[in-house]
Amino acid sequence: MRSTELVQWFRQSTPYVNMHRGKTFVIMLDGNTIASSNFINIINDISLLHSLGIKLIIVYGARVQINSLLAQNNITSVYHKNIRVTDPRTLELVKQAVGQLSYDITARLSVRLPHSPVLNVVSSNFILAQPIGVDDGVDYMLSGKIRRIEIDNIKHHLDNNAIVLLGPIAPSVTGETFNLPFEEIATQVAIKLKAEKLIGFSSTQGILDPQGISIPDLLPQDAAKYLNQYIQQGEYHCSQARFLQAAIEVCKAGVKRSHLLSYEEDGSLLQELFTRDGVGTQLSVDNSEDIRIATVQDIPGLIELIHPLEQQGILVKRSREQLEMDIANYTIIDRDGVIIACAALNQYPEENMAEMACVAVHPDYRSSSRGDILLEAIQKRARQLGIEKLFVLTTRTVHWFQERGFRLANVEDLPKEKRDHYNYQRRSKILIQPLNEEE
């Protein structure tokens with residue numbers, strides 16, 4: 001396919017390919033995801049992640065399949081504190097459902113992509129279980145919890161380029177078999193492996209706000225509010241609630257990011273991991289964007305951002321050498337290693353003034369608040385340096401600056417050095433903003 005969009009996407013994805021290579025991801029596949037018509041595409045995308053050098057642990061659940069088998073056998077599940085009570089007859093059906101899914105997932109992963117080796121999928125007794133026991137007089141019987149995870153064994157297989165597959169059934173040291181919540185396994189494996197990401201799927205494209213729009217980023221405290229809403233609505237077992245419970249826990253334990261995606265939309269996994277904005281909901285302690293002073297290592301990214309604007313005549317052309325000399329003047333917005341906005345603060349100490357120059361925002365973010373974020377960062381930096389007046393020269397964004405407190409000025413109002421080098425051919429408008437609060 002010859003497509004400009006494809007080329008742009010491929011170029012945009014390159015930093016993320018490099019960023020994710022060698023990292024460990026834990027992927028949660030619940031029964032609904034496995035039962036969806038899009039599951040074959042999800043599995044193919046998981047295989048693609050593995051081919052890009054990402055270490056993968058797949059933890060799958062079977063709640064939907066188990067409930068279906070129980071209904072066929074006229075068995076009603078008993079729950080206590082949202083945990084299924086597993087009697088011996090129920091456990092046999094749980095084994096049947098889980099075993100079927102294990103074979104199906106392994107078979108799907110074993111489908112060989114063109115020009116690629118057959119994937120090595122390992123499923124073993126990496127988890128040792130123990131009984132939950134009796135709580136409030138209720139015997140959970142064969143419902144269990146994690147006793148130990150063979151982390152070194154899992155790492156060994158990951159280092160040997162295998163995909164590790166973990167289901168919700170685990171043996172105990174006494175030879176019994178227990179039914180465990182798959183989200184608990186995913187949570188503890190992610191924490192103990194110090195995984196880079198935890199990834200889950202649901203019927204919606206992440207967590208939705210009251211207007212039904214996907215929330216791109218959530219902090220743990222905000223995620224807890226949404227989790228409480230699901231619980232209050234009696235939806236504790238829904239995919240979103242189970243994911244949030246796991247994501248909050250792993251986030252607090254140091255896992256950098258968790259992602260919730262739709263299992264119904266083809267390509268969600270790739271779009272989330274290999275584009276700047278993603279498509280689902282990301283939960284992390286820190287924002288995915290960093291506002292900081294640029295370094296020499298940022299010069300290639302700066303050039304890529306400002307070069308199109310220089311070609312259009314919107315920005316004055318700057319050589320690489322000039323950028324290197326002035327790099328400490330630049331404030332940038334870094335989104336996952338990609339520079340999406342920049343501005344320079346050039347000082348004129350004799351007049352106690354400074355210029356906000358080379359203001360650029362990536363086209364994908366010009367309708368957002370990145371310009372205001374940059375301006376606030378530049379104003380703060382100028383005040384810290386004791387600057388009294390901030391000025392800009394612009395040919396296109398006069399109104400934008402006026403709306404933010406800048407006033408039109410004349411060439412005579414500029415610092416002498418800037419005044420002497422003013423380019424009358426460009427006819428740039430001059431706007432000045434006093435930074436003293438009393439003004």
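User: How do the residues lining the second largest cavity divide into nonpolar, polar and charged?

Analyst: In this predicted model, the lining of the second largest cavity consists of Met28, Asp30, Thr33, Phe182, Gly200, Phe201, Ser239, Arg242 and Phe243. Because Gly counts as polar, Gly200 belongs with the polar members of this lining. The division is therefore four nonpolar, three polar and two charged.

User: Which helix gives the largest share of that lining?

Analyst: Two elements each supply at least two residues to the lining of the second largest cavity, namely strand E13 (197-202) and helix H9 (239-252). Ser239, Arg242 and Phe243 are among the lining residues. The largest share, three residues, comes from H9.

User: How much space lies in the second largest cavity, and how much in the largest?

Analyst: By the rule applied, three cavities reach 30 Å³ or more. The second largest cavity holds about 60 Å³ of space. For the largest cavity, the value is about 160 Å³.

User: Which elements give two or more residues to the lining of the largest cavity?

Analyst: The lining of the largest cavity comprises 18 residues. Those that lie nearest its centre are His259, Glu272, Arg276, Gln282 and Asp336. The elements that contribute two or more residues are helix H1 (4-20), strand E15 (257-262) and helix H10 (268-274).

User: How many residues in the lining of the largest cavity are charged?

Analyst: Asp, Glu, Lys and Arg count as charged, so Glu272, Arg276 and Asp336 are among the charged residues of this lining. The lining also includes three nonpolar and seven polar residues. The number of charged residues is eight.

Key. Residues numbered from 1 in each chain as written. Predicted model: local features only at pLDDT ≥ 70, side-chain atom pairs only at ≥ 80, totals over all residues. Heavy atoms only, no water. 1 Å grid on protein atoms, 1.4 Å probe; cavity = no way out; pocket = protein on both sides within 12 Å on 5 of 7 lines; lining within 4 Å. Points joined across faces, edges and corners; volume = space filled by probe spheres on them. Helix = DSSP H or I, 4+ residues; strand = E, 2+ residues; numbered from the N terminus.
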